[in-house]
Amino acid sequence: MESANASIFDLMVWGGAGLSLLGLLGLGWCIIKVSRAKRAQLDDEAMRVVLRKVVPLNMGALFLSVIGLMMVILGISLS
């Protein structure tokens, strides 16, 4: 019989889902930022500056998403 209290695995699943959502929002922000720069038809050097700023944020957001999904899978398989 299940108890009404959330187990650590439930918290892991919901926390992982939250991290994944945060990562996806970050990825969406990166897409919008690069899309706006592309639409502005920046010269080569200005586009490189924008991309240099966006790439680390893109990698961080992707990392957050992956860690969140790993937490969800781990929480589901251990519960």
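How many residues apart in helix α2 are arginine 48 and aspartate 44, and what does that spacing amount to? Keep that in mind for point 4; here are my notes on this predicted model.

1. **The overall picture.** Start with the big view: the chain has two helices and zero strands. Its radius of gyration is 18 Å, well over the 12 Å that the globule rule gives for 79 residues, so the chain is more spread out than a compact globule. You can see this in the C-alpha trace too, which spans about 65 × 15 × 15 Å along its principal axes. Of the 79 residues, 19% count as buried. Have a look at the contacts as well: among those with a separation of 6 or more, 83% come from residues 24 or more positions apart.

2. **Helix α1.** This helix covers residues 8–39. With 32 residues, α1 reaches 46 Å from its first C-alpha to its last, close to the 46 Å expected at 1.5 Å a residue. Its buried residues are Val13, Gly16, Ser20, Gly23, Leu27, Cys30 and Ala37, and what covers them includes α2. After α1 comes glutamine 41, whose phi is positive, near 50°.

3. **Helix α2.** Here we have residues 44–78. There are 35 residues in α2, and the helix reaches 50 Å from first C-alpha to last, close to the 51 Å expected at 1.5 Å a residue. Don't miss the kink of about 25° at valine 54, shortly before proline 56. The buried residues of α2 are Met47, Val50, Val54, Ala61, Ser65, Gly68, Val72 and Gly75. The cover works in the other direction here: what lies over them includes α1.

4. **The salt bridge.** Back to the opening question: arginine 48 and aspartate 44 are four residues apart in α2, so about one helical turn separates them. The two form a salt bridge, with their closest N and O atoms 3.5 Å apart. A search of the whole structure finds one salt bridge. Is each partner buried or exposed? Arginine 48 has 44% relative accessibility, so it counts as partly exposed. Aspartate 44, at 55%, counts as exposed because the cut-off for that word is over 50%.

5. **The nonpolar core.** Which residues make up the largest nonpolar core? There are five: Cys30, Ala37, Met47, Val50 and Val54. The elements giving two or more residues to this core are α1 and α2, and α2 gives the most, with three residues. Valine 54 is worth a second look, as this core residue is also where the kink in α2 lies. Now pick alanine 37: leaving aside neighbours within four places in sequence, alanine 37 is in contact with Leu42, Met47 and Val50.

6. **Two single residues to click on.** Try serine 20 in α1. Serine 20 has a relative accessible area of 7%, so it is buried, the cut-off being under 20%. Apart from neighbours within four places in sequence, serine 20 is in contact with Leu64, Ser65, Gly68 and Leu69. Ser65 and Gly68 are themselves among the buried residues of α2. Then try leucine 51, which is found in α2. With a relative accessible area of 35%, leucine 51 is partly exposed. If you want a ruler along the chain, leucine 51 and phenylalanine 63 are twelve residues apart in sequence and 18 Å apart in space, C-alpha to C-alpha.

Terms used
Residues numbered from 1 in each chain as written. Predicted model: local features only at pLDDT ≥ 70, side-chain atom pairs only at ≥ 80, totals over all residues. Heavy atoms only, no water. Buried < 20%, exposed > 50% of the residue type's maximum accessible area, 1.4 Å probe, protein only. Contact = heavy atoms within 4.5 Å. Salt bridge = Lys/Arg side-chain N within 4 Å of Asp/Glu carboxyl O. Core = buried A, V, L, I, M, F, W, Y, C linked by side-chain atoms within 4.5 Å. Expected span 1.5 Å × (residues − 1). Bend = angle between axes of the 7 residues up to and from the residue. Rg over C-alpha atoms; globule rule 2.2 N^0.38 Å.
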